[in-house]
Structures are given as C-alpha cells and as structure tokens.
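Biologist: I should like to understand how the descriptive terms applied to a model are justified. May we take them one at a time?

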Amino acid sequence: MFGALADHTRRDIVRRAIDADEGIVELASHYPMSFAAVQKHVAILERAGLVTKHRIGRRKVVRTNLEQLRIVRRLLDQYEELWRGRVDRMRDLIDLSKETTR
Amino acid sequence: MTVTAVRKDPQNLSMTLETEFDASAERVWQLWADPRQLERWWGPPTYPATFTKHDLAPGSRVEYHMTGPEGDQHHGYWDIVSANAPYQLVVRDGFSQPDGTPNTDMPVGTMRVSIEELAQGRTRMSIESLFPSTEAMEQLLAMGQEEGMIVAAGQIDAILAEDPVAGR
C-alpha cells in the first residue's frame, strides 16, 4: 500500500475531499481501481486522522481534516530539522577523521 | 548544502532525506556501525545519546537512551530487520520504558538507510522514515528536541501562510 501509485491516490483523495461532498462510491469512480482498493486507501487516511467521514442526511461523505494535515506537516518539518542537524554532525565527524588521519 | 533532497509525505506519515558525503560508503557505514560514532551525531549536544546495546546483525536489538539537560532520560530501541554492510540498514524503531524494555503501547516505525557510492569518492545516503502515528512522531520529536521547539516557533508564520488548496 506504500507504492508510488498508492501515494498518488491518497494525495489525490485528500485533495478532492477538501471541498467535495463525495462518499466512497463517488470517490472510487475517479480511480482506475476497485471500490475495495479505494476503501482501503480511505481507511488508511482515516487512521492517520487526515480524513473523517461525516453523515449528511442518509449519506456519508469523506472530508479532509485540514487541522490534522497542518499538524502532520508541522511534525514532518520538525523531523526534517532533526535530520538536518544529524547530517551536519555526521559531516563534522567525517571531516574530523580526515584531519586526524592526515 | 549537505542535504540534497527532502520529500515529505503527510498522507503516509513519511519522509525521505538524501545527502552526499565526500567519503567512501565504508566510512559512512561506520557512522552507524560504530556506537561511539553514532553517539556523536544521533542526539544534539543538549540531548546526547548513549547506546547501551549495539549489534547490527539482523534480528538483534539495539538499545539507547538520550539524556536531557535536566538529567531526564528517554529510552528507545531498534530491531534490526536487515543489514547489508556498507549499503543498507533497515530497522523497526520504537520507544522503551525507563528500564529498557520496549513500550508495547506505542506502535513502531520503520527507518530505511541506503548508502550508495557515487563517482569521485563521493557517497549518497538516503534515510526513509515511516511513522506509525502522529503520536509516535510527537514523542520522537520530544526526545532531544529543544532545537525542534525553537524551529517550530519560527515556522508558525509559514504554517499560517500555507494554503492547503494550493496546487489544485
């Protein structure tokens, strides 16, 4: 479920569900895959808190949780900073070992 | 710039970061394989890491903790999924209790390290991280991330300026 196509599909679902009132059946019609496959993608997004299902009358529509999307983006940004710090320290260590072997 | 590419994917709670070093693959591998070297880069100076158990053989468990400025300790572990020196390392990483036993209440993530030799003695390293949940991300960032908090404060403007509908 983590292949490039899956990434693309989930990204697209999140984008569509920002302002469209579509249920899983309508969502599934946009992709060249089975209803079950789309349902699985939605379930993964739901578990990550990125989409939620809302009841409108008799229908259940999938909506993007923008607040959660912002939180995840912010966490990923912080995680990137953490690794940038690590990479800087790795480089320092490599440079240091070059000096001492010279 | 030492980091050559970063790809962040909120939909999968994942990030891939690529970097290049002016060193051999063997030298870059040592940064992971030698616990004393690992300790010098894993945590920031304010939150140094101590690896108390370290063996990169598949099936082994690596144990470490990070010590904060107040003497607070945060424990974590890696379960080695596969290791192919000096090119690849895959670990499942999780959090531990203060006594070092894995905290089974918290789901584990995956970290995949790939090391590839380029021309002229250069080496590319890519780190792919896959998080099981936002809670795990938060806890991981809380371990040794005073710096992270400062960065976060500076990012508020960028977050507010972000238009989630952009790119449609």
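Modeller: Let us begin with burial: a residue is buried if 20 or more other C-beta atoms lie within 10 Å of its own, exposed if 12 or fewer, and partly exposed in between. The model before us is a predicted one.

Biologist: Why is B:Ile80 called partly exposed?

Modeller: B:Ile80 has 17 C-beta neighbours inside 10 Å. The range for partly exposed lies between the limit of 12 or fewer and that of 20 or more, and therefore B:Ile80 counts as partly exposed. The residue belongs to strand S5 (residues 73–84) of chain B.

Biologist: Which residues does B:Ile80 touch, not counting those up to four places away in sequence?

Modeller: With that exclusion, B:Ile80 touches B:Leu56, B:Ala57, B:Pro58, B:Gly59, B:Ser60, B:Val62 and B:Val91. Of the pair B:Ile80 and B:Val62, the C-alpha atoms are 7.6 Å apart, while the sequence separation is 18 residues.

Biologist: What makes B:Leu13 buried and B:Gln120 exposed?

Modeller: B:Leu13 has 25 other C-beta atoms within 10 Å, and the threshold for burial is 20 or more, so B:Leu13 is buried. B:Gln120 has 5 such atoms within 10 Å; the limit for an exposed residue is 12 or fewer, so B:Gln120 is exposed.

Biologist: What is notable about the backbone of B:Leu13 and of B:Gln120?

Modeller: Most residues other than glycine have a negative phi, and most peptide bonds are trans. B:Leu13 is not a glycine, yet its phi is positive, at about 50°; B:Gln120, also not a glycine, has a positive phi of about 55°. B:Leu13 is in the loop between S1 and S2 of chain B, whereas B:Gln120 is in the loop between strand S7 (109–117) and S8 of that chain. The peptide bond joining B:Ala85 and B:Pro86 is cis, with omega about -5°, and B:Pro86 is situated in the loop between S5 and strand S6 (88–95) of chain B.

Biologist: How do you know that S1(B) and S2(B) pair?

Modeller: Pairing requires at least two bridges, and S1(B) and S2(B) have six, in the antiparallel sense; therefore the two strands count as paired. One of the bridge partnerships links B:Lys8 with B:Met15 of S2(B). The strands form a hairpin with four residues between them, and B:Leu13 is in the turn.

Biologist: What joins S2(B) to strand S8 (residues 123–130) of chain B?

Modeller: Eight bridges join these strands, which run antiparallel; B:Thr19 has B:Met125 in S8(B) as its bridge partner. In a regular strand the side chains alternate between the two faces of the sheet. On S2(B), the covered face holds B:Met15, B:Leu17, B:Thr19 and B:Phe21, and the uncovered face holds B:Ser14, B:Thr16, B:Glu18 and B:Glu20.

Biologist: What makes strand S1 (residues 51–56) and strand S2 (residues 59–64) of chain A a pair?

Modeller: These strands are joined by six bridges and run antiparallel; the requirement is at least two, so they qualify as a pair. A:Ile56 has A:Arg59 in S2(A) as its bridge partner. Two residues separate the strands of this hairpin, in which A:Gly57 has a positive phi near 60°.

Biologist: Why are the buried residues of H1(B) said to line one face of the helix?

Modeller: The buried residues of H1(B) are B:Ala25, B:Val28, B:Trp29, B:Leu31 and B:Trp32. Viewed down the axis of H1(B), they fall within an arc of 140°, so they line one face.

Biologist: Which residues have the most contacts inside the largest nonpolar core?

Modeller: They are A:Leu45, A:Val51 and B:Val28, in a core of 48 residues. Helix H4 (residues 66–101) of chain A gives the most to this core, with nine residues.

Biologist: How many residues of chain B are in contact with chain A?

Modeller: In chain B, 36 residues are in contact with 37 residues of chain A. H4(B) gives the most to the side of chain B that touches chain A, with six residues. That side divides into 20 nonpolar, nine polar and seven charged residues.

Technical notes. Residues numbered from 1 in each chain as written. Chains lettered and ligands numbered in written order. Predicted model: local features only at pLDDT ≥ 70, side-chain atom pairs only at ≥ 80, totals over all residues. Contact = placed C-beta atoms within 7 Å. Nonpolar A, V, L, I, M, F, W, Y, C, P; charged D, E, K, R; others polar. Arc of directions from axis to C-beta. Core = buried A, V, L, I, M, F, W, Y, C linked by C-beta atoms within 7 Å.
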